[in-house]
Amino acid sequence: MRALILLLTGAALLASPSRLVAQTPIEAFWALVSGTSLEMEAADQLIMDYWDDAHASILVELMRYVPDEASRRRIISVLERGTGQRLGRDLKGWWEWIWRTDPGTHPEYAAFKAELYATLDPSFEEYFDDNPPANIRLDEIRWGGVGRDGIPPLDHPKMIPAAEADYLDDDNVVFGIALDGDVRAYPKRILAWHEMFKDSIAGEHYTGVYCTLCGTMILYRSAYHGVHHELGTSGFLYRSNKLMYDRATMSLWSTFAGEPAVGPLVGRGIALEPRYVVTTTWGEWHRRHPETLVLSLDTGHERDYGEGVAYRDYFATDRLMFGVPRLDGRLPNKAEVLALRFSDAPGEQLAIWVRYLSRNRVYHDRLGEIEFVVLTDASGASRVYESAGRRFTGWDSDSAVWDDSGARWTVTEAGLVGPGPADERLKRLPAHRAFWFGWYAQYPETRLVRR
């Protein structure tokens with residue numbers, strides 16, 4: 001109680017109309033739920049005397065974890081008196097109000113998050129300690145319910161020949177990768193339990209990240225300008241999208257962007273290079289690539305790797321597990337889109353409804369100065385190639401595509417190979433699928449094609 005009286009006195013002496021948010025010590029928020037009755041009363045008075053709407057983020061985040069009903073009611077009382085909102089125990093409603101009004105950030109908010117989440121997993125403190133630089137809002141970083149690497153990544157997992165992959169049916173979904181003659185299939189039914197693999201492909205180290213909540217699989221080169229980044233699963237989400245971390249600096253990384261988002265690496269211009277991957281069926285991938293390697297069920301972990309088992313309830317509805325600031329009703333939340341963003345056009349993003357591509361199997365567009373064509377086969381798998389001004393008018397859904405002059409081009413995983421001795425090549429471009437809500441939450445300015 002004596003400490004809180006001193007805090008009250010100090011706050012009164014330092015009060016400044018322009019910076020009231022800075023005058024409410026973080027200790028008051030903890031005392032509100034863990035002090036004696038007199039300390040709780042003093043904390044309530046201090047928070048209200050120097051109320052700022054930026055206090056709401058701390059209180060709402062704290063409310064999720066307090067173990068007793070009395071503390072929850074006390075937090076709700078302060079929130080409702082301070083903000084004038086009547087949202088009770090509706091955590092989703094409170095977060096939506098905070099994100100909509102953008103009330104600012106308490107100067108000790110990062111320290112609060114470090115202390116709060118260290119009670120769940122001591123390693124979490126490293127993400128938020130020492131007020132780290134960030135290019136995303138800290139109040140949009142949510143705990144996903146697991147510890148660091150609690151969803152265990154697969155590190156150089158065992159691969160088997162296609163002939164031994166008798167656990168796969170033709171309609172099972174796989175993520176197909178073919179780089180410099182190294183051809184591999186990573187089944188969704190396995191990655192849904194692990195969300196990340198780290199592997200050597202064609203002699204180079206790659207990190208494959210699968211975010212089940214936003215329905216996206218992205219393959220990144222693990223090194224940037226010669227520096228290898230060993231990534232893992234942080235346990236946290238940003239706008240319902242998995243946040244990775246790197247073991248060297250404990251920076252948090254965006255999955256969609258492949259860039260540091262919180263921590264010492266922010267602002268250093270680091271951006272991992274995405275490579276191409278295709279979402280397809282095992283039957284179609286195996287037909288195209290009978291020599292493919294396949295992820296083995298022998299992962300070293302005990303899981304039910306049956307098709308569609310992991311996240312079955314989540315995938316079965318359009319409801320979200322974690323809220324996002326904004327939704328866009330032009331498509332259902334979990335409608336799949338082909339998502340494109342190129343480093344040469346950093347200010348532009350594009351989402352193409354997968355259902356539209358299934359009806360328009362040759363589709364031309366551009367991002368910035370990059371012209372491209374999307375080829376979608378009969379199984380629904382889409383691949384993106386630069387077009388460099390050429391127009392393609394049809395293809396056989398397999399290995400040949402024709403341009404508007406009638407010339408036949410050969411379709412490969414790496415690119416389109418032109419006719420004639422020159423063997424002109426149009427390279428493959430990175431693209432991946434995503435749920436519409438997840439892509440839009442990250443890139444609300446994205447252009448959408450859904451005709």
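This report walks through a predicted model of a single chain, from its overall build down to a few residues.

## The whole chain

Let's start with the big picture. The chain holds 13 helices and 29 strands. Its radius of gyration is 25 Å, close to the 22 Å that the globule rule gives for 451 residues, so the chain is as compact as a globular protein of that length. If you lay the C-alpha trace along its principal axes, the spans come out at about 85 × 45 × 40 Å.

How much of the chain is tucked away? Of the 451 residues, 56% count as buried. Take the contacts with a separation of 6 or more: 61% of them come from residues 24 or more positions apart. On the outside, the chain exposes about 19200 Å², and carbon and sulfur atoms supply 49% of that area. As for charge, there are 50 positive and 64 negative side chains, with the centres of the two sets 4 Å apart.

## Helix H6 and its cover

Helix H6 covers residues 91-101, and its buried residues are Gly-93, Trp-94, Trp-95, Trp-97, Ile-98 and Trp-99. What sits over them? The cover includes helix H4 (55-63), helix H5 (69-83), helix H7 (109-118) and strand E1 (141-143).

Here is a handy bit of background: an α-helix has 3.6 residues a turn, so residues three or four places apart point the same way. Just after H6 comes Asp-102, which takes a positive phi of about 50°.

## A five-strand sheet

Next up is an open sheet of 5 strands in the order E2-E6-E7-E8-E15, with mixed pairing. Strand E2 (154-155) and strand E15 (274-275) stand at the edges with a single partner strand each, so one side of each has no neighbour in the sheet.

For E15, look at strand E8 (residues 216-221): the two run antiparallel and are joined by 2 bridges. Leu-219 has Arg-275 in E15 as its bridge partner.

## The E20-E21 hairpin

Strand E20 (residues 362-367) and strand E21 (residues 370-376) pair in the antiparallel sense over 6 bridges. One of the residues to look for is His-364, whose bridge partner in E21 is Val-373.

Between the strands of this hairpin there are 2 residues, and Gly-368 takes a positive phi near 60°.

## Two buried residues to look up

Is Val-262 buried or exposed? Val-262 is buried, with a relative accessible area of 0%. You'll find Val-262 in strand E14 (residues 259-262). Setting aside neighbours within four places in sequence, Val-262 is in contact with a list of residues including Tyr-127, Pro-132, Pro-133, Ala-134, Ile-136, Leu-138 and Ile-141, as well as Ser-251 and Leu-252. Leu-59 is another story: it is 203 residues from Val-262 along the chain, and their C-alpha atoms are separated by 22 Å.

Where does Gln-349 sit? Gln-349 is in the loop between strand E18 (336-340) and strand E19 (350-353). Gln-349 is buried, with a relative accessible area of 11%, which is under the 20% cut-off for that label. Leaving out neighbours within four places in sequence, the contacts of Gln-349 include Leu-340, Arg-341 and Leu-367, along with Trp-439, Tyr-443, Glu-445, Thr-446 and Arg-447. Leu-367 also belongs to strand E20 (residues 362-367), part of the hairpin described above.

How values were computed. Residues are numbered from 1 along each chain as its sequence is written. This is a predicted model: local features need pLDDT of at least 70, side-chain atom pairs count only at pLDDT 80 or more; totals for chains, interfaces and linings use all residues. Side-chain values use heavy atoms; hydrogens and water are left out. Helices (H or I, at least four residues) and strands (E, at least two) are DSSP runs, numbered from the N terminus. The radius of gyration is taken over C-alpha atoms; the globule rule is 2.2 Å times the number of residues to the power 0.38. Buried means under 20% relative accessible area, exposed over 50%, partly exposed in between (1.4 Å probe, protein chains only). Contact means heavy atoms within 4.5 Å. Accessible areas come from the Shrake-Rupley method with a 1.4 Å probe; for residues, only the protein chains shown count as cover. Lys and Arg count as positive and Asp and Glu as negative; His and the chain ends are not counted. The place of a charge is taken as NZ of Lys, CZ of Arg, CG of Asp or CD of Glu. Two strands pair if DSSP finds at least two bridges between them.
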